Amino acid sequence: MRIMAVFAHPDDEIGCIGTLAKHAARGDEVMLVWTTLGELASQFGDAPHEEVTKIRRQHGAWVADKIGAQHHFLDMGDSRMTGSRAEGLQLARLYAQFRPNAVITWSDDHPHPDHRMSAKIAYDAITLARIPKIINEADPVLPPPDLSDTPNLESGEEVQKREPWRESIRFYQYYAPASPYPEVLINVEDTLDVAAEVMGFYQDFYKWAWSPEQFREGRERTGQLGGVKAAERFNVRMAHLRARDFLD
């Protein structure tokens, strides 16, 4: 199984890090994708752009290494995303190379525009990646994605002319109470420690008041909803969940 997590800024992935770590530990291919470099974080003050983006890339690399994932940055501009076709096409080209079976992203109603737009283009890219003439169209403004920061990319790396990716993609979003879609809980008891470590890594950088202990407590409360010790919560963008053989 191949899973791609699409978020706007390094740290957005905290909400699903236990799930991603669990899949990576099972042997699934996992790729973290950030649509911006998160370069406007106020913690950087007046530091030069080159220094800021270097540090943000290091953040992403550290997290990906910690959970055993690949990673890739796009550079759509922190707090400048528009949800355009051009942005969706960049991501669709990455879909065509990585060939995800599942995508995790933000909810549709988050206050931050980059978060909403990341969710929008992640969904739009599912259709764009299906159309050969679109993902292969000549466009000097949109060169092929630079995969130099993903040296372990295996899926599709040999393809010169991009083949469309037409397999079904399960589309998971961070849980939102107003979402019309079914919710899914993932048991992350086994990866709660590494998830809390990632959260603590960002806490050290941002100086959040929110602590790893509070993070753990939140996952444990979510787990109570599903009868497990710790869980992460998503909506899956479909009208109905798959049929099961029996009630549980």
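In this predicted model, 18 residues line the largest pocket, and those lying nearest its centre are Ile14, Gly15, Tyr174, Arg219 and Arg233. Two elements, helix 7 (212-226) and strand 7 (231-236), each give two or more residues to this lining. The space within the largest pocket amounts to about 450 Å³. When the lining residues of the largest pocket are sorted by class, seven are nonpolar, five are polar and six are charged.

Turning to the packing of helices, the axes of helix 2 (residues 49-67) and helix 6 (residues 192-206) come within 10 Å and cross at roughly 165°. Because angles over 145 degrees count as roughly antiparallel, helix 2 and helix 6 are described as roughly antiparallel to each other. The crossing in which helix 2 passes helix 6 is right-handed. On the side of helix 2, the contact is made by Arg56, His59, Trp62, Val63, Lys66 and Ile67, while helix 6 contributes Val194, Glu197, Val198, Phe201, Tyr202, Phe205 and Tyr206. By class, the residues of the contact of helix 2 with helix 6 comprise nine that are nonpolar, one that is polar and three that are charged; the polar one is His59, and the charged residues are Arg56, Lys66 and Glu197.

A further helix pair is formed by helix 3 (residues 85-98) and helix 4 (residues 113-128), which pack at an angle of about 65° with their axes 8 Å apart. The crossing of helix 3 and helix 4 is right-handed, as is that of helix 2 and helix 6. In this contact, Arg85, Glu87, Gly88, Leu89, Leu91, Ala92 and Tyr95 of helix 3 meet Ile121, Ala122, Ala125, Ile126 and Leu128 of helix 4. The residues of the contact of helix 3 with helix 4 divide into nine nonpolar, one polar and two charged; here the polar residue is Gly88, and the charged residues, Arg85 and Glu87, belong to helix 3.

Terms used: Residues are numbered from 1 along each chain as its sequence is written. This is a predicted model: local features need pLDDT of at least 70, side-chain atom pairs count only at pLDDT 80 or more; totals for chains, interfaces and linings use all residues. Side-chain values use heavy atoms; hydrogens and water are left out. On a 1 Å grid over the protein atoms alone, a cavity is a set of points where a 1.4 Å probe fits but cannot get out, and a pocket is an open set with protein on both sides within 12 Å along at least five of seven lines; lining residues have an atom within 4 Å of a point. Grid points are joined across faces, edges and corners, and a volume is the space filled by probe spheres set on the points. Helices (H or I, at least four residues) and strands (E, at least two) are DSSP runs, numbered from the N terminus. Axes are lines fitted to C-alpha atoms, for helices over the stretch in contact, and angles run from 0 to 180 degrees between N-to-C directions. Angles under 35 degrees count as roughly parallel, over 145 as roughly antiparallel, 65 to 115 as roughly perpendicular and the rest as oblique. A crossing is left-handed if the near helix is turned anticlockwise from the far one by less than a right angle, and right-handed if clockwise. Contact means heavy atoms within 4.5 Å.
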